[in-house]
Amino acid sequence: MKTKRRIRNTAVYILLFVLSVAFLAPIAIILMNSLKGNFYISQAPFTPPDSETFVGAENFIKGFSQSDFMRSFANSAFITVFSVAGIVLLTSMTAWYIVRVKNKFTRLMYYFFVFSMIVPFQMVMYTMTYYAFELQLNNPVGIVFIYLGFGAGLSVFMFSGFIKSIPNEIEEAAIIDGCSPIKTFFLVVFPILKPTAITVAILNAMWVWNDYLLPYLVLGSGENKTLPVAVQMALTGGYGNKDMGALMAMLVLAILPIIIFYLFCQKYIIKGVVAGAVKG
Amino acid sequence: MQKMLKKYFPVFALPTLAAFAISFLIPFILGVYLSFTEFKVVSERKWVGIENYIRIFSQDETFLNSLWLTVKFTFVSVLTINIIAFSLALLLTKGLKGTNFFRTVFFMPNLIGGIVLGHIWSLIINGILGYFGVDITYDPKYGFWGLVILMNWQMIGYMMIIYIAGIQNIPDSLSEAAAIDGANPWQNLVHVTIPMVMPSVTICSFLTLTNSFKLFDQNLALNGKSPDTSLLALDIYKTFYDHTGLKLAQWHGMGQAKAVIFFLLVALIAFIQLRATRQREVEH
């Protein structure tokens, strides 16, 4: 019985190990190719670099300088940080208002927010872009406002769900003691919302950082482009002659921050993503 | 408190509401209206009734093709992703050591954005096909299965995590009772584990369903260049921004009409999901 179980466990381990290799292989292949000379990437994509094909950091240096990578990286970082901060702060305030002030108008607002969650982006892509240009929101600051509008649905929904479950006696007490609603919200309510705020922040950060079509339509492929747009431009030959080595380096540099972030905050990310899935 | 808070509407609700109205609500209403018009730009529009909707089906064969392709793709990926993810979840809940490591590895691809993912797989698939002297645009089948593999790679880990949570929620006493009654592991799986994780199955099926149905980034990056492998979202995009033949105003009207149909299909899926979840809640 014991040997039988041991054999079975070994078989399971071998299977899991093979699958892990299969899951990591695509990332490893990109990493491997980013260290090889241009010619050898398209010629032999699956052979590891050797003394002849190895070029060190050359591709990374080219990747940095050629495609204004740093600029796109900074744009993406700026837009993600401010969008997520804005969404977490403002939608939690709105959710509290909607739940605590009960009338027809707030109920209608709530239904509109929930409704927006099921509408695919293509439905509003053209008209939203039109308003973004009309109102001059087609810059890295303006797009933060647009992300607030698009992120509002899921975020208000998740905050409201949590606020409904907490009793409002503490808030009432704070108000009676002379706190203004603004003070009450920041000193009493928001600290209680922290777990949901982390979930909302992670879900929105992943969405905004990886988003392609919205920033492409609103910011275009010029100097304001975000990282996914820069990657798409570079790999579909937006820069004329394709430099495969530099492109591989770009892919590696685009993945690296996400993987580092993931390895450090794994627990929160997995929890947040699952909570978002179950509620949405 | 309600009365006092109500006065603070401009602070608490107005900023979110303004952003929501400008980037979603008003564009949505205008979008529905524009689907009944021909327009080169939003300000120059001509009412044409349901002409756009008729034209989608009579003059533009790409819409029905991509609808059928999307249905096929969604069906295949929902099946494969859920079967593989559930099997992995079973293996990782057996109390083996190192489970956390495998969980971390399998979940990782989920965090990488669609555009980057698409290009990674484009390199790999074209690299393999290169040995046979072709590339991914050679046959629509390559594009289709490439997309299925990519989607599996991205979604399996995510669904696996939800299934693991579902399996861990089953009380141990249930399988112990089944074992005492003489159930073998297979019977235990079919009669205890699977019925008990049905809520997770509902969640995962609908998540994979909507994600596959609305897929865009991966499709654009992996097979944006081959004409016969556009799913619905990419087809709508191409109708708007990448076309030849008809007049621009007609393309725009048609694109918007396609988007309305796409929205109705997604809404239908969401509605069925809501009913399925509600029914289960009543049963328990």
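This report describes a predicted model of two protein chains, A and B.

**Confidence**

The model as a whole scores ipTM 0.90 and pTM 0.91. For chain B the mean pLDDT is 90, and 98% of its residues reach 70 or more. Among the elements of chain B, the lowest mean pLDDT, 83, belongs to helix α1 (residues 2-6) of chain B, and the highest, 97, to helix α3 (residues 14-34) of chain B. As a general caution, predicted coordinates should not be read in detail where pLDDT is low.

**The two chains**

Chain A has 14 helices and zero strands. Its pattern along the sequence is therefore a run of α elements, α-α-α-α-α-α-α-α-α-α-α-α-α-α. Chain B has 14 helices as well, together with two strands. The table sets out further values for each chain.

| Chain | Residues | Radius of gyration | Radius for a compact globule | Citation |
|---|---|---|---|---|
| Chain A | 280 residues | 24 Å | near 19 Å | chain A |
| Chain B | 284 residues | 24 Å | near 19 Å | chain B |The C-alpha atoms of chain A fill a box of roughly 75 × 70 × 35 Å along the principal axes. For chain B, the corresponding box is roughly 75 × 75 × 30 Å. Buried residues account for 41% of the residues in chain A and for 42% of those in chain B.

Contacts between distant parts of the sequence can be counted too. Of the contacts in chain A with a separation of 6 or more, 74% join residues 24 or more positions apart. In chain B the figure for such contacts is 73%.

**Domains of chain A**

Chain A is divided into domain 1, residues 2-60, and domain 2, residues 67-242. Taken over C-alpha atoms, the centres of these two domains of chain A are separated by 37 Å.

**Where the chains meet**

The contact between the chains takes 67 residues from chain A and 70 residues from chain B. On the side of chain A that touches chain B, helix α1 (residues 2-33) of chain A gives the most, with nine residues. By class, this side of chain A has 51 nonpolar, 12 polar and four charged residues.

**The largest nonpolar core**

In soluble globular proteins, nonpolar side chains tend to be buried together. In this model, the largest nonpolar core has 147 residues. Those with the most contacts inside this core are V231(A), L251(A), A85(B), M159(B), M160(B) and Y163(B). Helix α8 (residues 140-168) of chain B gives the most to the core, with 14 residues. The core lies between domain 1 (2-60) and domain 2 (67-242) of chain A, because both domains give residues to it.

M159(B) can serve as an example from this core. Not counting residues up to four places away in sequence, M159(B) touches I81(B), N82(B), A85(B), C204(B) and T208(B). A85(B) is itself among the core residues with the most contacts.

**Three residues of chain A**

L203(A) is placed in helix α10 (residues 194-210) of chain A. With 23 other C-beta atoms within 10 Å, L203(A) is buried, since 20 or more such atoms are needed for a residue to count as buried. Leaving aside neighbours within four places in sequence, L203(A) is in contact with L154(A), G272(A), V273(A) and G276(A). By contrast, R107(A) is 96 residues from L203(A) along the chain, and 25 Å separate their C-alpha atoms.

V101(A) is placed in the loop between α4 (69-100) and α5 (104-116) of chain A. V101(A) is buried because it has 20 other C-beta atoms within 10 Å. Leaving aside neighbours within four places in sequence, V101(A) is in contact with T106(A) and with three residues of chain B, namely Q2(B), L5(B) and K6(B). V101(A) and I79(A) are 22 residues apart in sequence, and their C-alpha atoms are 32 Å apart in space.

Q136(A) is placed in the loop between α6 (121-134) and α7 (142-164) of chain A. Is Q136(A) exposed or buried? Q136(A) counts as exposed because it has 9 C-beta neighbours inside 10 Å, and 12 or fewer is the cut-off for exposed residues. Most residues other than glycine have a negative phi. Q136(A) is not a glycine, yet it has a positive phi of about 55 degrees.

Methods
Residues numbered from 1 in each chain as written. Chains lettered and ligands numbered in written order. Predicted model: local features only at pLDDT ≥ 70, side-chain atom pairs only at ≥ 80, totals over all residues. Contact = placed C-beta atoms within 7 Å. Helix = DSSP H or I, 4+ residues; strand = E, 2+ residues; numbered from the N terminus. Nonpolar A, V, L, I, M, F, W, Y, C, P; charged D, E, K, R; others polar. Rg over C-alpha atoms; globule rule 2.2 N^0.38 Å. Core = buried A, V, L, I, M, F, W, Y, C linked by C-beta atoms within 7 Å. Domains from an automatic or database assignment. pLDDT = per-residue confidence, 0-100.
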